[in-house]
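Colleague: I should like to see how each label applied to this model follows from its cut-off. Please start with the rule for accessibility.

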Amino acid sequence: MISGGPLPIGSNADIVAVRQQVRTAAVESGFSLIDQTKVVTAASELARNALVYAGGGQVSIEIVEAGRRRGLRLEFRDEGPGIPDVDQALTDGWTTGTGLGLGLSGSRRLVDEFDLTSVPGEGTTVTVTKWAR
């Protein structure tokens, strides 16, 4: 895990800090500039979702290896209201807010592995992995 533990997501300043930490870890992992941009964008969207829809949360950033591959695994957790219909929430254009409805579905397209678990009334965990090419 990077930086000794999960990073808080409780303000816009925290989202900036998450972006910086993810970019640093992506550089350390040997990501191309394009893949750095993809994983930072996904992290930014997921952190913003935790802030806007759950009132905050945290993210763990981990450099992972599988054989000769290196990558980043990001786990976003919140204790917000949860997502009642995950399939609907992953549909392009669907939103309960004022955005474009591309946060979750767009983030899923930017990474190699995407897992979302949500329990209404308990919170949501989104785990994404991006591998260096």
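Modeller: Buried means under 20% relative accessible area, exposed means over 50%, and partly exposed covers what lies in between, with a 1.4 Å probe and protein chains only. This is a predicted model, in which local features need pLDDT of at least 70, side-chain atom pairs count only at pLDDT 80 or more, and totals for chains, interfaces and linings use all residues. Residues are numbered from 1 along each chain as its sequence is written, and side-chain values use heavy atoms, with hydrogens and water left out.

Colleague: Why is Asp 112 called partly exposed?

Modeller: The relative accessible area of Asp 112 is 33%. That value falls between 20% and 50%, and therefore the label is partly exposed.

Colleague: How do you know that Asp 112 and Arg 133 form a salt bridge?

Modeller: The term requires a side-chain nitrogen of Lys or Arg within 4 Å of a carboxyl oxygen of Asp or Glu. For Asp 112 and Arg 133 the distance from N to O is 2.4 Å, so the criterion is met. The pair links distant parts of the chain, 21 residues apart: Asp 112 is in the loop between helix 4 (103-110) and strand 4 (113-119), whereas Arg 133 is in the segment after strand 5. These elements are DSSP runs numbered from the N terminus, helices being H or I with at least four residues and strands being E with at least two.

Colleague: What makes Asp 35 and Arg 133 a salt bridge as well?

Modeller: The closest N and O atoms of Asp 35 and Arg 133 are 4.0 Å apart, which the limit of 4 Å still admits. Asp 35 lies in helix 2 (residues 33-54) and Arg 133 in the segment after strand 5 (123-131), so the pair ties together parts that are 98 residues apart in sequence. Asp 35, at 5% relative accessibility, counts as buried, while Arg 133, at 65%, counts as exposed. Asp 35, Asp 112, Lys 130 and Arg 133 are linked in a network of salt bridges.

Colleague: How many salt bridges does the rule give?

Modeller: The count comes to 6. One of them joins Arg 77 and Glu 75, at 2.9 Å from N to O. Arg 77, at 38% relative accessibility, is partly exposed, and so is Glu 75, at 25%.

Colleague: Why is strand 5 described as largely enclosed?

Modeller: 9 of the 9 residues of strand 5 are buried, so the rest of the structure largely encloses the strand. Gly 123, Thr 125, Thr 127, Thr 129 and Trp 131 are buried on one side, and Thr 124, Val 126, Val 128 and Lys 130 on the other. Thr 127, for instance, has a relative accessible area of 18%, which is under 20% and therefore buried. Leaving aside residues up to four places away in sequence, Thr 127 touches Arg 73, Leu 74, Glu 75, Glu 113, Phe 114 and Asp 115, where contact means heavy atoms within 4.5 Å.

Colleague: How do you know that strand 3 (residues 69-78) pairs with strand 5?

Modeller: Two strands pair if DSSP finds at least two bridges between them. Strand 3 and strand 5 run antiparallel with 8 bridges, so the condition is satisfied. Gly 71 has Trp 131 as its bridge partner. Strand 4 and strand 5 also run antiparallel, joined by 7 bridges, and here Ser 118 is partnered by Thr 124. Strands 4 and 5 form a hairpin with 3 residues between them, and Gly 121 in the turn has a positive phi of about 85°.

Colleague: What makes Arg 69 a charge over the ring of Trp 131?

Modeller: The rule asks for NZ of Lys or CZ of Arg within 6 Å of the ring centre and within 35 degrees of the ring normal. The charged end of Arg 69 sits over the ring of Trp 131, 4.1 Å from its centre, a distance within the 6 Å limit.

Colleague: Which elements does helix 4 pack against?

Modeller: The buried residues of helix 4 are Gly 103, Leu 104, Ser 105, Gly 106 and Ser 107. They pack against helix 2, helix 3 (86-89) and strand 4. Across the chain there are 4 helices and 5 strands, and buried residues make up 42% of the 133 residues.
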